[in-house]
Amino acid sequence: MLFRSPEERSLSGIQVLSVIPQEALREVERLSQWESYRPGAWLFERGQETNHVFFVIKGVIRVLNYSATGRVVRFASVGPGGVFGELAAIDSLPRSATVVADQPCFVAKLAAKDFHSLILQSPAFALAIVKRLAQVVRACDEQIMDLAELNASQRVCLQLLRLAEPDPIVSTSWVIYPLPTQATLAGDAGTTRETVARVPGRLQAQGIVQRKGRSLYIRDRNRLESLAVRDHSEP
């Protein structure tokens, strides 16, 4: 086990559960199964007929979808306080995606029947789940628009902008740390690892970004933003 301490078995940090009374929260904790996963471990795969709902206590998981040729065509990530797996719990259909631990993870699993009971007993929780599903739909719509309107290089630039945070040292700079792997960036941008390897190198040659170890510094955010919307002949 990666996380053994009994006090870590708390769901108080889970956003969708913050709306239910403490007594109900303790009952959900009692009903849950607690599991830890090492990086690269599969929690479940697309098509699998399981329907537990997962709450992330520690770590980050990746939600993956694959094309018919086996290429990853979409990534999403869920960190501490997040929830995933609710679709299969709601409609009882097979899993729609594969979920893999990106970091050492500690999660709580709630059986579908207990998830249903919580929805029926708590309108506030039901509304929280509806809002969570609305966020998923909006995110999918945004990804569809990106794939339809932007080429691969533009999508990589856009993903770098989404990941960047203000540099705490240089006020005019932005930083991505830790820089995701090429495979992760390729999945997020809906492109290939080859494109992901090529675009940052070209941006660095132009002085737009600078790579230092596991950090990528954005030195000219305005130029990067213009590249994310400008037409390119390169796929």
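# Close-up views of a predicted protein model

**Figure 1. Overall view of the protein, in which there are 8 helices and 12 strands.** The model is predicted, and its C-alpha trace spans about 55 × 40 × 30 Å along the principal axes. Of the 235 residues of the protein, 43% count as buried, and residues 24 or more positions apart account for 70% of the contacts with a separation of 6 or more. The protein exposes about 12,800 Å², of which carbon and sulfur atoms supply 54%. Its side chains include 28 positive and 24 negative ones, and the centres of these two sets lie 5 Å apart.

**Figure 2. The second largest pocket and the residues that line it.** This pocket has a volume of about 220 Å³. Its lining comprises Gln15, Val16, Ser18 and Val19, together with Val78, Gly81, Gly82 and Val83, and also Ala128, Lys131, Arg132 and Gln135. Helix H4, which runs over residues 123-149, gives the most to this lining, with 4 residues. An α-helix has 3.6 residues a turn, so residues three or four places apart point the same way.

**Figure 3. Leu110 and its surroundings in strand S8.** Leu110 belongs to the strand formed by residues 105-110. With a relative accessible area of 1%, Leu110 falls under the 20% limit and is therefore buried. When residues up to four places away in sequence are not counted, Leu110 touches Val28, Leu31 and Ser32, as well as His52, Val53, Phe55 and Phe115. Ser122 is 12 residues from Leu110 along the chain, and the C-alpha atoms of the two are separated by 16 Å.

**Figure 4. Ser92 in the loop between helix H2 and strand S7.** Helix H2 covers residues 86-91 and strand S7 covers residues 98-101, with Ser92 placed in the loop between them. Although Ser92 is not a glycine, it has a positive phi of about 60°. Ser92 counts as exposed because its relative accessibility, 56%, is over 50%.

**Figure 5. Arg214 and the cis peptide bond from Tyr177 to Pro178.** Arg214 lies in the loop between strand S11 (209-212) and strand S12 (215-218), and its relative accessible area of 52% is over 50%, so Arg214 is exposed. Leaving aside neighbours within four places in sequence, Arg214 is nevertheless in contact with Ile176, Tyr177, Pro178 and Leu179. Within this set of contacts, the peptide bond from Tyr177 to Pro178 is cis, with omega near -10°. Pro178 itself is found in the loop between strand S10 (174-176) and helix H6 (182-189). The C-alpha atom of Arg214 is separated by 14 Å from that of Thr184, a residue 30 positions away along the chain.

**Figure 6. Helix H6 and the residue that follows it.** Because 6 of its 8 residues are buried, H6 is largely enclosed by the rest of the structure. The buried residues of H6 are Thr184, Leu185 and Ala186, followed by Gly187, Asp188 and Ala189. Just after H6, Gly190 takes a positive phi of about 65°.

Terms used:
Residues numbered from 1 in each chain as written. Predicted model: local features only at pLDDT ≥ 70, side-chain atom pairs only at ≥ 80, totals over all residues. Heavy atoms only, no water. Helix = DSSP H or I, 4+ residues; strand = E, 2+ residues; numbered from the N terminus. Buried < 20%, exposed > 50% of the residue type's maximum accessible area, 1.4 Å probe, protein only. Contact = heavy atoms within 4.5 Å. Areas by Shrake-Rupley, 256 points an atom, 1.4 Å probe, with all protein chains shown as cover. Lys, Arg positive; Asp, Glu negative; His and termini not counted. Charge placed at Lys NZ, Arg CZ, Asp CG, Glu CD. 1 Å grid on protein atoms, 1.4 Å probe; cavity = no way out; pocket = protein on both sides within 12 Å on 5 of 7 lines; lining within 4 Å. Points joined across faces, edges and corners; volume = space filled by probe spheres on them.
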